[in-house]
Amino acid sequence: MADNKREIDTATNTETTGHEWDGIRELDTPMPRWWLITFYITIVWAIIYTIFMPAWPMINSATPGILGYSSREEVAQELAAANEVNAPLDERLANMEIASVVEDPELLRFATAGGGAIFRNYCSQCHGAGAAGAVGGYPNLLDDDWLWGGTLTDIQQTLTHGIRYEEDPDTRYSQMPAFGDILEEEEINSLVQYVLSLSNQEHDAEAATAGTELFMDNCSVCHGEDGRGMQDQGAPNLTDSIWLYGGDPESIANTIHDSRFGIMPAFGGRLSDEDIRKAAIYVHTLGGGQ
Amino acid sequence: MTDVSQSKPPSLYAAREPVFPRRVSGKFRTLKWWIMGITLAIYYITPWLRWDRGPALPDQAVLVDMANRRFYFFFIEIWPQEFYFVAGLLIMAGLGLFLFTAALGRVWCGYTCPQTVWTDLFILVERWIEGDRNARVRLFNAKWDARKIRLRLFKWTVWLLIAVATGGAWVFYFADAPTLLVDLFTLQAPLTAYASVFILTATTFIFGGFMREQVCIYMCPWPRIQGAMMDEQTITVGYRAWRGEPRGKHRKSAEAADLGDCIDCSACVNVCPTGIDIRDGQQLACITCALCIDACDDVMDKIGKPRGLIDYVTVEDQETETRGGTSVSIIRRILRPRIIVYTALWGAIGLGLIAALVMRTDLAFSIEPVRNPVNVVLSDGSVRNAYELRLRNMTGFDRDLEISLEGSRNMVLELQGQDTRSVTVPADETLRQRVYLTAPANSGAATAGATEIVMTVSDENSETTASEPTIFQGTGR
Ligand code: SF4
Ligand code: SF4
């Protein structure tokens, strides 16, 4: 153990700390003056800093500092500046026929970039960050199949008023009956086979023929006699290879038995008109726009 | 117990000994004047050279454009992804230093290092205003009277002007020089420009005027590194002790016959910008400026002895000479394996960079396949992939680039937001363009897992094309 005798080391003429281990004594070389001065300066600087800048934590927030700096304020200013720069473009976008945006490359790029950000914020939760949706009720926005229409105006309408969103009086609405209460199991099976035949999938030809009449009686009002659907009703095309709720026999049987009822919220009122236009334009450019 | 209050620890700080280098003339001094003139001219003139690159690009021959992330060097324009050129040049610079140090010691320090060049310039001013060594020593020891104040103020003013010009020239490498010059004087220039000018002015003024050899001895890492780079065969400034010793002043005395060639006149010490005595042997503080060679040669001429008492000489040759042998020729000293290896490495990297420069195109692109989702099945069963292309137009002109698929494939290629397969990329810009590729239902690519494809971008006007491979991801069933 160290024994505390402070004395002068003769070789270096320096005071020792008094700590000694196995005959080796620790020198107490003083701090270099410049180092100490620098250290004191940093302390003084720290005090000055806390006076001028937000620093000391209080109960609700920190002391503001006499310069009144705030990083939130700075962000708000930068956002305001950015909005100001974009204001003329926003205005142009708001006042134009949405379909003619393709003729203005600058505006198109602006809207697509802005729409992408809005999409990732508000839409990607259901439709996915890549807009590919998910089987089970979240439409894929990349393909060329649209339940309620894929033109810019259609998409804008869907975004503004939603689908089956009862809080919006202008929402587009349709409901498929649950045929489990109306038809026998056997009949539902025939219908499934007929629907499979519409999209050229493997099916039982005999049952499908039996399903033809059932389809004409029960389904063709909305899905059309040819099964190609009706966009005014949001009735899907049954002849193509895209299935919102799955195209295998079991999924189709479930759909017929229990029906489906997908809801999309309206964004009118939540987002500005320009932002809805931007999102619509973004979705339209994803490859399926019509 | 000893009285603690009496202890005085030794100071770790060595105060600067003022150095007053004397004027000297000779072949190395002349060479150094030339090198000083040329290097300073390169430094000050380069930003003012012009080079036409087309309407959209700056016409400054050498420009580091930080804001747009471009580096221009005459006909070369470097984009950030081509930073390997800069890395290559830095490696060459490093190897070049190794090479020259191994062959010739610290020639970089002695002749071309900015610290040496500017210190030389500052000493020149000092000598012009205050006189040569003896006058300067007298002035240094004199009281602060009117004359001393006048001379000092005058000297500092001239130094400061040089320093401002130095710091000022630096920022011209980072912006259009003529515009910036006007902006600097009309207080329109950005704050960073003023800050850079200020910092470089301060460092030039302090390093060149007051710290001088202290920078070389205490701040610069090179003297430490040089030890590893030099060996016994390195040609460096040295004193032929076998010839000079024993040194002595009294040539007329009886024992003069036993004396060596060194008359102990201190000429070599007086001219030395770092204030050392080369006769003590190779040392850290020697920047091999060769001024002591000039000084001593002059003395040798006067006393009628052969030149070269202080000379460019290797340690090994000194030993041979001491034993009475003859030294090896300079050519043999330079043509030795170590130097040849350094030169070969240096040359190989240089050739590699030149090759890269020749093969470099002004049209390039990269493909990033969109993987969220990997593919989309369309209503007719066809399968579509999306790709994010970054098209780089590295010229000063707008270009129409046509995007196509290599080979005859039955896929359909479409550009997002475009009716045609061609898109205009503005001059000196990178454009992001999404490309859709659709394989018909049940075709090979649609049902396969992954198919390798190659996309081509071409500019009809200049007949340049670039190709990149990528993958088409089918449904796998
Ligand atoms: S010793 Fe000679 S070569 Fe070295 S720095 Fe001094 S004058 Fe220059
Ligand atoms: S200049 Fe030459 S002669 Fe004079 S002291 Fe130096 S080495 Fe000796």
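**Close-up 1. Antiparallel pairing of strands β10 and β12 in chain B of the predicted model.** Strand β10 (residues 412-415) and strand β12 (residues 429-439) of chain B run antiparallel and are joined by four bridges. Within this pairing, B:Leu413 of β10 has B:Leu437 of β12 as its bridge partner. In a regular strand, side chains alternate between the two faces of the sheet. Strand β10 of chain B shows such alternation, with B:Leu413 and B:Leu415 pointing to one face, where they are buried, whereas B:Val412 and B:Glu414 point to the other face and are not buried.

**Close-up 2. The surroundings of ligand 1 in chain B.** The residues around ligand 1 include four cysteines of chain B, namely B:Cys272, B:Cys286, B:Cys289 and B:Cys292. The shell also contains B:Val237, B:Pro273, B:Thr274, B:Ile276 and B:Ile278, together with B:Ile287, B:Thr288 and B:Ala290. By residue class, the shell consists of ten nonpolar and two polar residues, with no charged residue among them.

**Close-up 3. The largest nonpolar core and the contacts of B:Ile310.** This core comprises 42 residues, and B:Val237, B:Ile310 and B:Tyr312 are those with the most contacts inside it. Helix α13 (residues 291-303) of chain B supplies the largest share of the core, namely seven residues. Both domain 1 (27-82 + 106-217) and domain 2 (231-328) of chain B contribute to this core, each with at least three residues. Leaving aside residues up to four places away in sequence, B:Ile310 touches B:Val237, B:Gly238, B:Tyr239, B:Cys268 and B:Ile278, as well as B:Cys292, B:Ile293, B:Cys296 and B:Asp297. A second, separate core has 34 residues, including A:Val101, A:Leu108 and A:Ala279 from chain A and B:Val376 from chain B.

**Close-up 4. The open three-stranded sheet of chain A.** The strands of this sheet follow the order β1-β2-β3, and their pairing is antiparallel. Strands β1 (8-9) and β3 (24-27) stand at the edges, each with a single partner strand, so that one side of each has no neighbour in the sheet. Two bridges join β1 to strand β2 (residues 14-21) of chain A, and in β2 the bridge partner of A:Asp9 is A:Thr14.

**Close-up 5. A:His284 in helix α9 of chain A.** Helix α9 spans residues 273-284 of chain A and contains A:His284. The relative accessibility of A:His284 is 18%, and A:His284 therefore counts as buried, since the limit for that class is under 20%. When residues up to four places away in sequence are not counted, A:His284 touches A:Gly150, A:Thr151, A:Leu152 and A:Ile155, and also A:Gly289 and A:Gln290.

Terms used. Residues numbered from 1 in each chain as written. Chains lettered and ligands numbered in written order. Predicted model: local features only at pLDDT ≥ 70, side-chain atom pairs only at ≥ 80, totals over all residues. Heavy atoms only, no water. Near = heavy atom within 4 Å. Nonpolar A, V, L, I, M, F, W, Y, C, P; charged D, E, K, R; others polar. Core = buried A, V, L, I, M, F, W, Y, C linked by side-chain atoms within 4.5 Å. Buried < 20%, exposed > 50% of the residue type's maximum accessible area, 1.4 Å probe, protein only. Domains from an automatic or database assignment. Contact = heavy atoms within 4.5 Å. Pairing = 2+ DSSP bridges.
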